[in-house]
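Dear colleague,

I am handing over the structure below, and after it I set out what was found. Please read the notes with the model open beside them.

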Amino acid sequence: MQIATTSESSTPIHQDFIHEIELGLIAPCASISPKFLYDPLGSHLFTAITLLPEYYPSNTEKGIFTQYQDQIAEAVGSGGTLIDLGAGNCQKAESFFHSLKPSNYLAIDFSSEYLLDSLKKLAGKYPHIAMQCIGMDFSKQLIIPDAIAKTKRTFFYPGSSLGNFLQSEALQLLGQIKNQANDGSLLIGVDLMKEDSVLMAAYDDPLKVTAAFNLNILRSINSHLGSNFRVEQFRHTVKVNHAENRVELYLEALEDLNVVWAGNSRAFKKGDLIHTENSHKYTIESIKALLKNAGFEKTQIWTDPKDYFAVIYAQ
Ligand SMILES: C[S@@+](CC[C@H](N)C(=O)[O-])C[C@H]1O[C@@H](n2cnc3c(N)ncnc32)[C@H](O)[C@@H]1O
């Protein structure tokens with residue numbers, strides 16, 4: 001089985017990333033886009049996070065997929081192209097291959113090396129499905145190449161990855177999905193608001209896997225920028241922001257320090273924060289409204305018994 005890879009126009013451009021990272025680092029409240037969490041090690045660490053009992057989003061979403069597999073398959077229908085956004089290890093899409101019977105599978109992810117390895121493993125198991133992958137940063141623009149069949153497209157966006165985006169950004173991405181789905185649709189998993197103790201345990205687990213995942217962003221930035229961040233000078237910090245309905249991840253400087261890279265630098269005082277991720281939580285009403293604003297008129301929704309997570313089929 002051959003796997004077609006990245007089309008050139010969608011390959012992330014390194015120089016753009018350097019500019020984006022610099023702007024975030026020199027801002028008064030320093031920040032780094034969460035996509036930079038996903039270098040090859042970061043992608044492995046995220047997969048490890050999904051195995052933690054405290055990380056309820058993965059377990060809960062998997063439970064919904066399993067319990068409602070037949071209903072979801074009936075709603076989505078079979079055949080066509082399954083387009084997996086932020087595919088990671090591609091395992092969630094694989095769990096639908098049997099019931100959705102796609103003839104084509106297109107996996108898209110920022111973490112292109114990890115994605116290609118994942119897809120190579122998958123392709124051998126499903127020789128009857130044409131597989132392609134694209135390394136793409138869809139936070140700026142989502143463009144599905146013309147070569148991808150325009151017949152029935154089902155977008156798949158699990159893991160509540162939508163929650164990494166601000167409301168306006170999420171609306172823009174959903175609108176682009178709607179435009180490119182043609183007559184197709186979206187199967188999406190989103191995290192629902194819940195009590196702080198559950199959120200804090202999920203994002204600050206006792207094994208410190210999430211801390212390693214967050215701190216690794218500094219090494220990822222060093223590889224892009226040639227900067228001299230040292231992970232031991234920072235610690236993983238989590239806040240629940242109720243006003244914005246989100247969990248926020250930060251890296252807190254443990255001492256006064258100066259980070260330098262070609263032609264620039266940033267001084268941090270002990271206690272200064274670098275904002276690395278937002279994870280927005282929704283209500284059924286808020287996600288339905290967001291989808292409707294993006295052009296998805298019809299929704300079908302499945303949740304777990306605790307109402308921790310929702311899987312939505314939107315048309
Ligand atoms: C929370 S993980 C979810 C992985 C997998 N879909 C799951 O549900 O377990 C988010 C995935 O989206 C990818 N990603 C994050 N930001 C992205 C962006 N701006 N463009 C493309 N992929 C992105 C990451 O590399 C990662 O694989």
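**The sheet β7-β8-β11 and its helix**

In this model, which is predicted, three strands form an open sheet in the order β7-β8-β11, and their pairing is antiparallel. The edges are held by β7 (234-241) and β11 (273-280), each of which has a single partner strand, so one side of each is left without a neighbour in the sheet. On average, and with direction ignored, neighbouring strands of this sheet are turned by 20° against each other. Strand β8 (residues 246-253) pairs with β11 in the antiparallel sense over seven bridges, and within that pairing Val-247 has Ser-279 of β11 as its bridge partner.

Helix α8 (residues 196-203) packs on this sheet, where it touches β7, β8 and β11, and its direction makes about 155° with that of β7. Which residues of α8 are buried? They include Val-198, Leu-199, Ala-202 and Tyr-203; seen down the axis of α8, the buried residues fall within an arc of 115°, so they line one face of the helix. The cover over these buried residues is not limited to the sheet, since it includes α3 (56-67), β6 (185-191) and α9 (209-225) as well as β7, β8 and β11.

**Strand β13 and its partners**

The strand β13 (309-314) is mostly covered, with six of its six residues buried. Both of its faces are covered: Phe-309, Val-311 and Tyr-313 are buried on one side, and Ala-310, Ile-312 and Ala-314 are buried on the other.

Two pairings of β13 can be followed in the model. With β6, which also belongs to the cover of the buried residues of α8, β13 pairs in the antiparallel sense over six bridges, and here Leu-187 stands opposite Tyr-313. With β12 (299-303), β13 again pairs in the antiparallel sense, over five bridges, and Thr-299 stands opposite Ala-314. Strands of a sheet pair through backbone hydrogen bonds, either parallel or antiparallel.

**Two residues with positive phi**

β12 and β13 form a hairpin with five residues between them, and Asp-307 in the turn has a positive phi of about 55°. Most residues other than glycine have a negative phi, and this is the reason for drawing your attention to the backbone here. Is Asp-307 buried or partly exposed? At 43% relative accessibility, Asp-307 counts as partly exposed.

Lys-101 likewise is not a glycine and has a positive phi, of about 45°. Lys-101 is placed in the loop between α5 (91-100) and β3 (104-109), and with a relative accessible area of 51% Lys-101 is exposed.

**Around the ligand**

There are 17 residues around the ligand, of which Gly-86, Lys-92, Asp-109, Met-136 and Asp-137 come nearest. Which atoms of the ligand lie 2.7 Å from a polar atom of Gly-86 or Lys-92? For Gly-86, a polar backbone atom is 2.7 Å from a nitrogen atom of the ligand, whereas for Lys-92 a polar side-chain atom lies 2.7 Å from an oxygen atom of the ligand. Met-136 has a polar backbone atom that is 3.3 Å from a nitrogen atom of the ligand.

With kind regards

Key
Residues numbered from 1 in each chain as written. Predicted model: local features only at pLDDT ≥ 70, side-chain atom pairs only at ≥ 80, totals over all residues. Heavy atoms only, no water. Pairing = 2+ DSSP bridges. Helix = DSSP H or I, 4+ residues; strand = E, 2+ residues; numbered from the N terminus. Axes fitted to C-alpha atoms, helices over the stretch in contact; angles between N-to-C directions. Contact = heavy atoms within 4.5 Å. Buried < 20%, exposed > 50% of the residue type's maximum accessible area, 1.4 Å probe, protein only. Arc of directions from axis to C-beta. Near = heavy atom within 4 Å. Polar contact = N/O pair within 3.5 Å; in protein donor to acceptor, adjacent residues only side chain to side chain.
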